[in-house]
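Grab your viewer and work through these exercises at your own pace. Each one has a task, then a solution you can follow step by step.

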Amino acid sequence: MTMDIITPSTHDLGAFEVRRTLPNKSRTMVGPFIFVDQFGPAHFDIGAGMDVRPHPHINLATVTYLFEGAIDHRDSLGTLATIRPGACNLMTAGSGIVHSERTPAAERATGSGISGMQTWLALPDGKEEIDPAFEHVAKDELPLIEDNGVSARIIMGQLWGATSPITQHAATIYADIVMNAGASIPIEAEADERAVLVALGDASLDGEALERHSLYILKPGQAMTLRAASDARVMLLGGEAFKTPRHVWWNFVSSSRDRINDAKHDWKDGKFPLVPGDSDEFIPIPEVPKTVSYP
């Protein structure tokens with residue numbers, strides 16, 4: 001195998017599984033991406049759903065992208081936005097934000113599926129403490145490249161001659177590539193760092209089969225060809241390499257361990273803002289976080 005591979009750790013959340021490839025002891029980041037989760041596919045029973053209670057973030061931006069289902073996003077800026085497949089939520093935590101993610105009432109009433117990607121982007125040097133912000137970009141506003149059995153949606157950055165309108169704090173590429181069996185697409189070499197993840201189906205890069213759900217780190221500067229062995233869905237992600245290391249502890253990312261420690265105390269002491277419409281409960285800070293500190 002000519003590519004580095006990160007095998008996911010799997011977390012059973014009861015109603016569905018989450019597969020996490022970043023952060024990892026062998027690799028902290030790919031471009032600005034410092035956290036990569038794939039969740040589902042799963043189906044909620046009638047009356048059930050996702051309930052991620054209010055929790056804080058600093059010095060990062062979250063990117064939520066769905067293959068199936070719906071999620072109500074609320075945050076401490078007063079945002080209420082429902083994300084559905086093909087759209088994108090970009091939440092910039094910057095100096096600090098609190099948000100919750102829950103299945104909408106209409107989907108709870110009928111039962112619904114859930115499947116998608118949750119990723120975090122570290123904010124670059126000089127922008128870690130920018131003002132919090134939220135951006136929802138609808139499915140129809142994201143460029144879609146269609147050719148010979150391939151449908152590639154550009155979630156962030158510039159790829160295959162098309163550019164996403166979503167804000168980039170650091171140079172970023174992110175795409176959702178849906179392929180018919182036998183179809184292929186070139187993987188461009190311009191980004192500093194790139195990786196691919198087969199979310200559904202089976203695919204190969206330059207003839208080498210890819211394990212489903214694993215993250216493959218591509219060699220810099222090398223153009224490659226992605227080919228589907230069956231109907232498949234593949235995520236391409238990456239961007240500019242960071243020169244300054246980032247630390248991860250629970251929901252906090254920063255170039256400064258002191259800043260993370262301050263955020264821990266602020267959350268314990270109730271100094272983060274509340275989420276309007278969802279302020280009755282919250283996730284307490286863990287004694288031992290599932291997302292541990294790397295490096």
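**Exercise 1: Around Ser254**

Setting aside neighbours within four places in sequence, Ser254 touches Asn59, Glu128, Arg246, His247, Arg259 and Ile260. Keep in mind that this is a predicted model.

Task: work out where Ser254 sits and whether it is buried or exposed.

Solution.
1. Start with the secondary structure: Ser254 belongs to strand β26, which covers residues 252–254.
2. Next, check accessibility. Buried means under 20% relative accessible area, and Ser254 comes in at 1%, so it is buried.
3. Finally, pick out a polar partner: the side chains of Ser254 and Asn59 make a polar contact at 2.9 Å.

**Exercise 2: Laying out a sheet**

Task: give the strand order of the open seven-stranded sheet and find its edges.

Solution.
1. Reading across, the order is β2-β3-β4-β11-β6-β9-β12, and the pairing is antiparallel.
2. The edges are β2 (9–12) and β12 (133–137), each of which pairs on one side only.
3. From one strand to the next, the twist averages 15°.
4. Now zoom in on one pair: β9 (residues 88–92) runs antiparallel to β12 and is joined to it by five bridges. In this pairing, Leu90 stands opposite Glu135 of β12.

**Exercise 3: Unusual backbone spots**

Task: which peptide bonds are cis, and where do Asn148 and His213, with their positive phi values, lie?

Solution.
1. As background, most residues other than glycine have a negative phi, and most peptide bonds are trans.
2. One cis bond joins Leu22 and Pro23, with omega about 0°. Pro23 is in the loop between β3 (17–22) and β4 (33–43).
3. Another cis bond runs from Gly40 to Pro41, with omega near 0°; Pro41 is placed in strand β4.
4. On to phi: Asn148 has a value near 50° and lies in the loop between β13 (144–147) and β14 (150–156).
5. His213 has a phi of about 80° and sits in the loop between β21 (208–209) and β22 (215–217).
6. Compare their surroundings: Asn148 is exposed at 67% relative accessible area, whereas His213 counts as buried at 16%.

**Exercise 4: The whole chain**

Task: how does the radius of gyration of the protein compare with the globule rule?

Solution.
1. Count the elements: two helices and 26 strands.
2. The radius of gyration is 18 Å, close to the 19 Å the globule rule gives for 295 residues, so the protein is as compact as a globular protein of that length.
3. As a further check on packing, buried residues make up 56% of the 295.

Key
Residues are numbered from 1 along each chain as its sequence is written. This is a predicted model: local features need pLDDT of at least 70, side-chain atom pairs count only at pLDDT 80 or more; totals for chains, interfaces and linings use all residues. Side-chain values use heavy atoms; hydrogens and water are left out. Two strands pair if DSSP finds at least two bridges between them. Helices (H or I, at least four residues) and strands (E, at least two) are DSSP runs, numbered from the N terminus. Axes are lines fitted to C-alpha atoms, for helices over the stretch in contact, and angles run from 0 to 180 degrees between N-to-C directions. The radius of gyration is taken over C-alpha atoms; the globule rule is 2.2 Å times the number of residues to the power 0.38. Buried means under 20% relative accessible area, exposed over 50%, partly exposed in between (1.4 Å probe, protein chains only). A polar contact is a pair of N or O atoms within 3.5 Å; within protein, one must be able to donate a hydrogen and the other to accept it, and residues adjacent in sequence count only if both atoms are side-chain atoms. Contact means heavy atoms within 4.5 Å.
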